[in-house]
Amino acid sequence: MRWFLGIFVCISCVYARHEQYDQSALFSVKAKDAEQINYFNSLDYPMDIWLYATQERNGLVLVPKGYVQQFQDELYSKGIEFVIEVENIKDSLELEDKLRADKARSRAMRSDNDLLVNFDDIYNLTEVNNYLKKIAEAYPDVATLVSGGKSFEGRDINYLKISNSNFQNASKPIIFVESLLHAREWVTLPTTLYAIEKLVVNVTDQDLIDDFDWIIMPVANPDGYEFSHDGGRFWRKNRRNGILPGDVCLGVDLNRNFDVFYGLGSSNNVCTEIYHGTAPFSEPESQVIRDILHSDDRIEMFLDLHSFGNLILYGWGTGELPENAFSLHVGGIQMATAINEVKEDWNLNYRVGNAALVLYPASGTAMDYGLKAGVPLSYTYELPGLRNFGSTILGFLVDPEFIKPSAVQTWEGIKEGAYFLRSIRRNLA
Ligand SMILES: [Zn+2]
C-alpha cells in the first residue's frame, strides 16, 4: 500500500509543476493588415508572444488563465480572425512529459556508448555538462572544455573548442555555434550536441575539421535552462533577480542585452519577455558571448540557434542592411536549401531574410552583435516548431520523435554554411 501511495505521490508531483500554465490558451491569430499586425506584435505582459504575426504567417500567443475571454473579446471587437489552437496548454505539457518518460524507459533497456548522444530525449544541464567533460577527456587532441564564465546564479557557461591543430593554425576560420540563449527553446540543444558528435566522435566529413576550427556552446543560458526543466517550461530569459521589490517579475532577455541598437526593439519592463536589462551587457551570460566573439579575429561565422519559425535571419535587427547583405543572403539561401532538401515533406520550407523584414524589429541581439564585432557571417536560425503532418503546432514543446531528425537536418544547414564560408574565402584569395 505504501508503495502504491508512493507512485501516486510521485505522479502528482511531476504534474503539479505545470500548474502555473493551467488553463493558459494558445491562440493563432491571422492579422490581415499592418494595423492588425502591429496590434498583435505589441501585445504587452502577461501575453506571451510565441511567434510574431506577419502578412504571410499567423501569430501565436499564449494567453494566461483569467485573460482568455478578455482577449477573445478584444480580437472580436477589432475584427481580427483567430483560432484557439490549444485550450489548455497544461495538457500539452503533460503530453510532452509522458512522451519523454516513455522514451526514457525504452532507453534504459539498452546499453549505449556514452560518447554518443541519445537523440530520443532532451538532456538536462547536468547531462550536457557531463557529456562535454567526457568528450574532452576522451578526445584531448581535438576537444577542449572551456568555462567562459559564470551565469548570474553561478553556473559554468561551458563550451568546447574543437580543432585538430590546437587552435594554432592562423589560416583556418573559426565557426561559433551556440544554442539555448533562450531557455525554453529546447529543440535547439540536440543540434549543437549533434555538431559535437559529427566533429569529434563520428566524423564523416573530415574536411570540416581539417579546414575549420569550431566553438560549440550548447547551453548559453544555463540558469534559465535549468529553470525551464524544474520551474516553468516556457521560461525564456535568464534568472537575474532583485530588479523589482519582491521579484514579482525577474529575468533579462539575453537576446536583447547586447550593445547594438540597444533599447530600440525591446522593453524596459522587467515583466515582459523582451526586457533588455538595466544596461547593455548588464548580464554575465551575454558578456561571455561578447568575449568569445572578440577573442579571436578568425571567427568568421556565428550561428545563434533559436526556435521556432523555420527561418534563417541576418541583420540588422532594425531593418537596415549591412554592407555584406548580399553575401549574408546568398549564404542563408544555401543553408536553407540544404535543410529544405532533407526535411520531411510536411515541414515548412525555411525562409531567409533580414530579421526585421521577415520577422519583426529587434535590438540588442547576439546576431547583430556578432556582425558589429566583425564576424561577417552572423545568423540566427529559427528551427521548426511543428509536429508531424504540419498541422499541429508544437511551438516550444518537443516531440521526442523529432529530436534526431531536427538535429540531423539543421546540421546539414550548418555544414553548408561552412562550405559557403570556404567558397567565399577562396574567391577572395
Ligand atoms: Zn529565441
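**Close-up views**

**Figure 1. Helix 10 passes helix 13 in a right-handed crossing**, that is, the near helix is turned clockwise from the far one (by less than a right angle, anticlockwise being left-handed). The model is predicted: local features require pLDDT of at least 70 and side-chain atom pairs pLDDT 80 or more, whereas totals for chains, interfaces and linings use all residues. Residues are numbered from 1 along each chain as its sequence is written, and side-chain values use heavy atoms, with hydrogens and water left out. The axes of helix 10 (residues 325-342) and helix 13 (residues 403-428) come within 8 Å and cross at roughly 145 degrees. Helix 10 contributes S327, V330, G331, Q334, M335, A338, I339 and V342 to the contact, and helix 13 contributes Q409, T410, E412, G413, E416, G417 and F420. Helices (H or I, at least four residues) and strands (E, at least two) are DSSP runs numbered from the N terminus; axes are lines fitted to C-alpha atoms, for helices over the stretch in contact, with angles from 0 to 180 degrees between N-to-C directions; contact means heavy atoms within 4.5 Å.

**Figure 2. Eight strands form an open sheet with mixed pairing**. The strand order is 5-6-8-7-9-12-10-11, where pairing requires at least two DSSP bridges between two strands. Strand 5 (143-150) and strand 11 (351-354) are the edge strands, each pairing on one side only. From one strand to the next, the twist averages 20 degrees. Helix 6 (residues 189-201) lies across strand 5, strand 6 (156-162), strand 7 (174-179), strand 8 (213-217), strand 9 (299-307) and strand 12. The helix 6 direction is at about 145 degrees to strand 8.

**Figure 3. Strand 12 is mostly covered, with seven of its seven residues buried** (buried, under 20% relative accessible area; exposed, over 50%; partly exposed, in between; 1.4 Å probe, protein chains only). L377, Y379, Y381 and L383 point one way from strand 12, while S378, T380 and E382 point the other way. Strand 12 pairs with strand 9 in the parallel sense over seven bridges, and three bridges join strand 12 (residues 377-383) to strand 10 (residues 311-314) in the antiparallel sense. Y381 of strand 12 stands opposite L305 and also opposite I312. L311 has E382 of strand 12 as its bridge partner.

**Figure 4. The zinc ion is coordinated by H182, E185 and H306**. The donor atoms are ND1 of H182, two OE atoms of E185 and ND1 of H306, at 2.0 to 2.4 Å. Donors are N, O and S atoms within 2.8 Å of the metal (3.2 Å for Na, K and Ca); water is not among the atoms, so sites may look incomplete. Along the chain, the donors follow the spacing H-x2-E-x120-H. H182 is buried, at a relative accessible area of 3%, and E185 is likewise buried, at 3%.

**Figure 5. Two cis peptide bonds occur at F308 and W316**. The bond from S307 to F308 is cis, with omega near 15 degrees; F308 lies in the loop between strand 9 and strand 10. The cis bond joining G315 and W316 has omega of about -10 degrees, and W316 belongs to the loop between strand 10 and helix 10.

**Figure 6. D247 and F281 lie in the loop between helix 8 and helix 9**. Helix 8 spans residues 222-230 and helix 9 residues 284-293. D247, although not a glycine, has a positive phi of about 50 degrees; D247 is partly exposed, with a relative accessible area of 28%. F281 also has a positive phi, near 55 degrees, in a residue other than glycine. F281 is buried, at 10% relative accessible area.

**Figure 7. S151 is buried in the loop between strand 5 and strand 6**. The relative accessibility of S151 is 4%. Leaving aside residues up to four places away in sequence, S151 touches I157, P222, D223, P284 and E285.

**Figure 8. Helix 2 packs through its buried residues**. In helix 2 (residues 34-41), the buried residues are Q36, I37, Y39, F40 and N41. The buried residues of helix 2 pack against strand 1 (25-30), strand 2 (48-51), strand 3 (59-63) and helix 3 (68-78).
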